[in-house]
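Colleague: I would like a close look at one part of this model. Please start from a single residue and work outwards.

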Amino acid sequence: MLSVTLILLAALFFTGIIIRTKSLASGRKGPGIMQPIRDVLRLFRKGTVYSETTSFVFQLAPTVYFASVVMAMLVVPFGQSKGVLSFNGDFIFFAYVLALGKFFSIIAALDTGSSFEGMGASREALYSMFAEPAFFILMGSLALLSGHTSFQEIFASLHIGSQISYAMAALATFVLLMIAMIENSRMPIDDPKTHLELTMVHEVMILDNSGFDLGLILTAGYLKFALYGALIVNLFIGVIPYQYAISAFFGIQFLMAVAIGLIESFMARFRMSHNPQFIVVLTSVSLLIFFGVLLILQKFI
Amino acid sequence: MFQPFEMTFQFGNFAGEVLLRLDGLSSWFILIINFTVVTGFFYGTGYLKSYQLSRAKRSMHWILFLFFHLSMLFVCMIQNGFAFLVVWEIMSLTSMMLVLFDHENPKTFKAAINYFVQMHIGVTFLTIGFIWVYNQTGSFSFSAIQTYFQTNQNLWLFLLFFVGFGIKAGFIPFHSWLPHAHPAAPAHVSGVMSGVIVKLGIYGILRMITFLQADFLLLGEIILTLSILTSLYGILNAAVHRDFKRMLAYCTIENIGVIGIGIGIGLMGIGINNALMYYLGFGGALLHVLNHSLFKSLLFYAAGSIYQQTHTQNMENLGGLIKSMPKTAVVFLIGALAIGGLPPLNGFVSEFLIYNGLVAGVNSSSISQTILFVLTLAGMSLVGGLSLLTFTKSFGTIFLGQPRTKLDHQPQEVSMRMLVPQFVIIALMLSVAFFPQVYLKFVGTILVMIHPMQSDPSMFDSIVTASMRISLYSLLLVGIVAATWLIRASLLKNRSIKAGATWGCGYVAPNQRQQYTGKSFSKPLSKIFNVLVIEKKQFEELKQGEIFPARKSYGSHYQDLFEKKLILPLADWMVNSANYFSFIQNGRIQSYVLYGIVFVLAMILLSIFNIVA
């Protein structure tokens with residue numbers, strides 16, 4: 001339960017901090033930290049407009065997308081304390097539940113019959129497909145290192161001792177951060193603030209959503225950020241006592257949000273056609289982690 | 001525990017006594033065969049209605065179907081190599097005749113011949129295998145294979161059988177009959193072929209594994225490697241094809257790969273004496289056999305319904321069918337979610353077991369195997385991502401958006417007779433998803449038979465409990481969806497809900513042809529993997545000085561790498577080399593008489609000199 005509470009708390013501020021960082025970096029004062037939450041609350045109170053082309057799929061999809069993220073959230077642990085659900089191979093469940101949400105968001109985009117939304121859907125499917133192996137190799141290596149197969153056991157027994165494991169933790173952070181960016185369609189892959197539908201990925205897929213449904217999608221997005229942030233935090237806290245671990249949690253989430261804000265302020269989006277290559281690089285970074293694990297376990301002789 | 005049912009009968013002097021045995025492995029496959037054939041039959045009666053067949057043709061079709069069914073049952077029961085080959089052959093021939101249903105179409109004819117030839121290449125391998133055993137042991141019975149394995153090297157004979165059965169199952173590079181035969185057959189036949197007949201290849205491999213005595217580790221590694229490549233190759237091709245039945249056929253290849261991964265893990269588990277890997281691998285493989293037979297037949301039936309109503313297999317001509325065929329759309333959606341291995345449906349249960357087997361393998365092997373397992377893990381996740389792409393593309397292009405072309409007649413929902421079998425399949429799929437323990441208990445008794453591992457059966461019980469937990473969590477997921485939906489519904493009750501046009505991004509005159517197509521959806525993927533999926537384009541460039549260009553056409557289709565680079569050149573080479581001997585068959589009766597005389601003379605001479613008896 002602890003992890004869920006913390007993730008919910010982090011999700012309240014995360015996007016606000018990103019927006020605030022971006023405003024400050026561009027010399028503006030910017031909206032308050034809670035503005036994204038206020039936006040969502042307002043959306044929850046609104047009516048909706050549906051496209052005439054759409055079917056029940058379009059109405060069902062945001063609900064499934066939201067539910068899948070909530071379900072994934074239940075699996076994530078916090079240090080020694082288990083997630084609400086914890087079992088052997090739960091990281092597989094985590095990935096597949098998120099995939100279910102993605103499936104529905106993609107077909108919802110195709111349901112509108114708009115070619116722009118189809119384009120976004122196609123990219124979303126392609127990018128998330130390329131990101132999968134990186135996540136699985138990372139989790140496979142961590143499972144090998146710790147000898148366990150559930151999130152909580154893996155993270156609880158990660159002890160950062162030798163220099164190689166520091167390097168590995170840094171690489172793992174990079175991989176998870178980048179997967180979070182891909183999953184949330186943020187900067188190096190996708191620019192959420194672009195003005196041209198042709199170059200969007202996630203934003204263009206939800207062009208036709210409004211009201212409650214849009215609110216659900218945005219909330220799911222905020223949760224997803226905090227979710228991946230929590231995974232990164234888990235890499236470091238291990239067996240640290242709670243009072244330090246919880247402050248480390250918020251510290252790392254804050255740093256991550258600021259980092260994302262800074263990246264988005266000072267970097268341009270990659271060329272669409274180069275995105276797959278970039279995402280595949282993540283897989284090779286994961287492979288580096290894997291070989292690091294083999295080194296630590298002295299399987300290379 | 002239940003006792004295997006056995007009976008014997010005499011089958012000529014050559015084959016000797018034939019043993020018919022109904023053990024756990026047979027009954028598991030017979031269960032799958034019977035269920036799929038029964039749903040196929042009910043669906044098929046509805047499907048064939050629109051053909052207005054003559055009485056004779058219809059009777060012929062169903063008689064063949066019956067023989068097909070019987071032969072499959074006997075394939076699962078017979079424990080004698082010679083008799084096995086006979087029923088195996090009957091199965092191949094009847095299924096070929098069933099593929100030939102639409103025999104006026106030259107494409108169907110070609111596909112059937114292709115199937116016919118490739119099946120016989122497979123039979124050749126099996127025959128060589130059985131004769132090899134006969135040669136060494138003097139018996140065709142399956143128990144002789146076990147005796148052979150006990151005393152001789154295991155590897156090569158097993159590989160021979162693996163190739164023979166692998167052609168039926170559709171492992172690469174032996175898969176090239178599959179994407180031709182499945183789209184050509186009528187829907188209920190392709191459903192049964194893809195759901196069941198392909199699985200009998202798996203049955204054969206598993207049956208041979210029960211006799212295997214050594215080389216588990218090496219064979220496991222071979223099968224695992226081949227399977228993950230099969231899986232990736234199959235789904236990659238499925239992702240780019242736009243003929244939806246061909247897409248489903250390639251997807252079958254992918255799932256055979258997934259089953260093969262399970263078998264590979266299981267074999268390696270035996271090899272390194274790891275009971276967990278054994279149980280997870282074979283357990284996952286057997287459950288996936290059942291699951292795949294369910295959702296693949298379901299998808300083929302749904303595809304048949306679409307074809308019956310629209311008379312096209314090209315998804316680019318379709319669109320918006322969810323409005324006119326809502327029930328078929330839901331059926332297809334459920335099948336698509338299940339085949340993608342997504343929770344909360346049954347595909348996830350078996351894939352989860354196989355994934356866990358991989359993770360167990362990562363943790364408990366030597367370095368080379370660990371690397372193999374981690375790469376397979378990555379490969380399987382890639383397969384998962386690709387199948388997501390494939391099925392969002394297919395479902396989206398066929399059912400969502402607006403109709404892309406004007407069809408000759410307005411498609412309507414198909415008859416209840418066709419829908420009810422599909423609902424029954426869905427009910428069974430849900431039962432696997434939410435009560436996997438019922439099925440896994442049965443799988444457990446089979447696993448004891450495949451290879452008696454010396455470990456406590458409580459390990460398998462823990463796997464059963466784990467799968468029950470998974471289904472409980474899937475139920476929780478359904479609960480969260482339902483709760484969110486109810487909150488949404490109650491909040492939206494009194495609010496304004498308006499309908500408008502899709503936001504055109506500032507463009508005010510969109511038309512249906514401008515929708516994103518299946519091809520454009522998968523184009524970025526096929527561009528990246530253009531080495532593996534070869535696109536063939538047919539078009540004429542605009543010539544220089546062509547001021548008023550004439551009407552031009554543009555076509556593009558994808559070719560199968562193995563077929564183009566391996567099978568067709570080989571076939572061409574065989575035809576060409578056979579040409580050198582065409583002088584023998586020259587059409588002159590005189591030469592044929594001469595051959596006869598030469599043969600008789602040779603026989604006389606040989607017997608005079610006591611060379612032949």
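Is B:I322 buried or exposed, counting the other C-beta atoms within 10 Å? Please go on from there to the surroundings in chain B.

Modeller: A caution to begin with: this is a predicted model. B:I322 is buried. The cut-off for that class is 20 or more other C-beta atoms within 10 Å. B:I322 has 23, so it qualifies. The residue lies in helix α13 of chain B.

Now its contacts. Setting aside residues up to four places away in sequence, B:I322 touches B:A329, B:F399 and B:L400 in its own chain. It also touches A:S55 and A:V57, which belong to chain A. As for B:Q52, it stands 270 residues from B:I322 along the chain. The C-alpha atoms of that pair are separated by 27 Å.

The contacts with chain A lead to the interface. Chain B puts 62 residues into the contact, and chain A puts in 63. On the side of chain B that touches chain A, several elements supply at least two residues each. Helix α13, at 321–324, is one of them. The others are α15 (346–363), α16 (367–399), α19 (458–492), β3 (497–500) and α20 (518–528) of chain B. α16(B) gives the most, with 15 residues. By class, this side of chain B has 37 nonpolar, 20 polar and five charged residues.

Step back along the chain to helix α12 of chain B, residues 275–310. B:S305 is found there. B:S305 counts as buried, because it has 28 C-beta neighbours inside 10 Å. Beyond its neighbours within four places in sequence, B:S305 is in contact with B:M325, B:T328, B:V414 and B:M418. B:F42 is 263 residues away from B:S305 along the chain. The C-alpha atoms of B:S305 and B:F42 are separated by 13 Å.

Next, the loops on either side of α12. B:N273 is in the loop between α11 (244–271) and α12 of chain B. B:H311 is in the loop between α12 and α13 of chain B. Most residues other than glycine have a negative phi. B:N273 is not a glycine, yet its phi is positive, about 60°. B:H311 is likewise a residue other than glycine with a positive phi, near 60°. B:N273 counts as partly exposed, because it has 13 C-beta neighbours inside 10 Å. B:H311 is also partly exposed, again with 13 such neighbours inside 10 Å.

Two peptide bonds deserve a look as well. Most peptide bonds are trans. The bond joining B:P343 and B:P344 is cis, with omega about 5°. B:P344 has its place in the loop between α14 (326–339) and α15 of chain B. The bond from B:I172 to B:P173 is cis too, with omega near -5°. B:P173 is in the loop between α7 and α8 of chain B.

That second loop brings us to the domains. The domain assignment of chain B gives domain 1 as 9–214 and domain 2 as 238–489. Their C-alpha centres lie 23 Å apart. The contact takes 37 residues from domain 1 and 38 residues from domain 2 of chain B. On the domain 1 side, α2 (24–48), α8 (178–184) and α9 of chain B each give two or more residues. α9(B) gives the most, with 15 residues. The residues on that side divide into 19 nonpolar, 16 polar and two charged.

α9(B) also packs against a helix before it. Helix α7 covers residues 155–169 of chain B, and helix α9 covers residues 187–211. Their axes come within 7 Å and cross at roughly 165°. Angles over 145 degrees count as roughly antiparallel. α7(B) and α9(B) are therefore roughly antiparallel to each other. The crossing is left-handed. From α7(B), the residues in contact are B:F158, B:F161, B:F162, B:F165, B:G166, B:K168 and B:A169. They meet B:V198, B:L200, B:G201, B:I202, B:G204, B:I205 and B:M208 in α9(B). By class, this contact has ten nonpolar, three polar and one charged residues.

To return to the starting point: B:I322 is buried, and its contacts include residues of chain A as well as chain B.

Key
Residues numbered from 1 in each chain as written. Chains lettered and ligands numbered in written order. Predicted model: local features only at pLDDT ≥ 70, side-chain atom pairs only at ≥ 80, totals over all residues. Axes fitted to C-alpha atoms, helices over the stretch in contact; angles between N-to-C directions. Helix = DSSP H or I, 4+ residues; strand = E, 2+ residues; numbered from the N terminus. Parallel < 35°, antiparallel > 145°, perpendicular 65-115°, else oblique. Left-handed = near helix turned anticlockwise from the far one by under 90°. Contact = placed C-beta atoms within 7 Å. Nonpolar A, V, L, I, M, F, W, Y, C, P; charged D, E, K, R; others polar. Domains from an automatic or database assignment. Buried ≥ 20, exposed ≤ 12 C-beta atoms within 10 Å, placed from the backbone.
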